[in-house]
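Thanks for coming. I will put the chain on the screen and then walk through it, beginning in a loop.

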Amino acid sequence: MNEKHVFNIGDIIKVHYKIKEGGKERVQPFEGTVIAKRGAGISRTFTVRKIGNAKIGIERVFPFHSPNIDKVEVIKSQKVRRAKLYYMRDPKFK
């Protein structure tokens with residue numbers, strides 16, 4: 001595991017992801033809560049969930065070994081008692 005991916009389930013992180021638009025490349029941050037990690041080896045992924053405009057939940061799955069991830073910042077670390085936080089999809093958590 002890379003040093004840039006030291007976070008746990010329940011942490012609030014900011015993923016700086018490189019996006020190519022035409023001939024240009026920019027970095028777009030995606031900040032949210034890590035609700036799942038899955039897989040092993042090169043196919044390992046993590047899922048980040050945030051609440052967007054109009055209280056709509058947005059989830060995005062990132063590969064751990066993606067060359068498009070510039071960096072991952074841990075904003076806040078939290079202790080949780082579950083391996084998967086799928087219960088955060090429930091409307092009362094919005």
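Let me start with Lys55, which is exposed at a relative accessible area of 58%. For that term, buried means under 20% relative accessible area, exposed over 50%, and partly exposed in between, with a 1.4 Å probe and protein chains only. Before going on, the source: this is a predicted model, where local features need pLDDT of at least 70 and side-chain atom pairs count only at pLDDT 80 or more, while totals for chains, interfaces and linings use all residues. Residues are numbered from 1 along each chain as its sequence is written, and side-chain values use heavy atoms, with hydrogens and water left out.

Back to the loop. Lys55 lies between E3 and E4, and its phi is near 60°, a positive value in a residue other than glycine. Ala54 is in the loop between E3 and strand E4, residues 57-63. Ala54 also has a positive phi, of about 60°, and is not a glycine. Most residues other than glycine have a negative phi. Ala54 counts as exposed, at 70% relative accessibility.

Now the whole chain. How many helices and strands does the protein chain have? The count is zero helices and five strands, where helices (H or I, at least four residues) and strands (E, at least two) are DSSP runs numbered from the N terminus. Along the sequence the pattern reads β-β-β-β-β. The radius of gyration is 14 Å, which agrees with the value near 12 Å for a compact globule of 94 residues; it is taken over C-alpha atoms, and the globule rule is 2.2 Å times the number of residues to the power 0.38. Along the principal axes, the C-alpha atoms fill a box of roughly 40 × 35 × 20 Å. Of the 94 residues, 31% count as buried. Of the contacts with a separation of 6 or more, 54% come from residues 24 or more positions apart, a contact being heavy atoms within 4.5 Å.

Next, two strand residues. Is Thr47 buried or exposed? Thr47 is buried, with a relative accessible area of 10%. This residue lies in strand E3, residues 45-51. Not counting residues up to four places away in sequence, Thr47 touches Thr33, Val34, Ile35, Ala36, Glu59, Arg60 and Val61. Val27, in strand E2, residues 24-38, is partly exposed at 40%. Leaving aside neighbours within four places in sequence, Val27 is in contact with His16, Tyr17, Lys18 and Asp70. The C-alpha atoms of Val27 and Ser77 are separated by 24 Å, with the two positions 50 residues apart along the chain.

On to the rings. A pair of aromatic rings is described by the distance of the centres and the angle of the planes. Rings of Phe, Tyr and Trp (its six-membered ring) pair if their centres lie within 6.5 Å; planes under 30 degrees apart count as stacked, over 60 as edge-to-face and the rest as tilted. By this rule the count is six aromatic pairs. In one of them, Phe46 and Phe64 have ring centres 5.0 Å apart and planes at 65°, so this pair is edge-to-face. The pair links distant parts of the chain, 18 residues apart: Phe46 is in strand E3, and Phe64 is in the loop between E4 and strand E5, residues 69-76. Both Phe46 and Phe64 are buried. One aromatic cluster is formed by Phe7, Tyr17, Phe30, Phe46, Phe62 and Phe64.

Two members of that cluster also have a charge over the ring, meaning NZ of Lys or CZ of Arg within 6 Å of the ring centre and within 35 degrees of the ring normal. The charged end of Lys37 sits over Phe7, 4.9 Å from the ring centre. For Arg60 over Tyr17 the distance is 4.8 Å.

Last, the salt bridges. The structure holds five, each a side-chain nitrogen of Lys or Arg within 4 Å of a carboxyl oxygen of Asp or Glu. Glu31 and Lys14 meet in one, at 3.9 Å from N to O. That pair links distant parts of the chain, with Glu31 in strand E2 and Lys14 in strand E1, residues 12-21, 17 residues apart. Glu31 is partly exposed at 36%, and Lys14 is partly exposed at 24%. Another joins Glu21 and Arg26 at 3.1 Å. A network of salt bridges links Arg49, Glu59 and Arg89.
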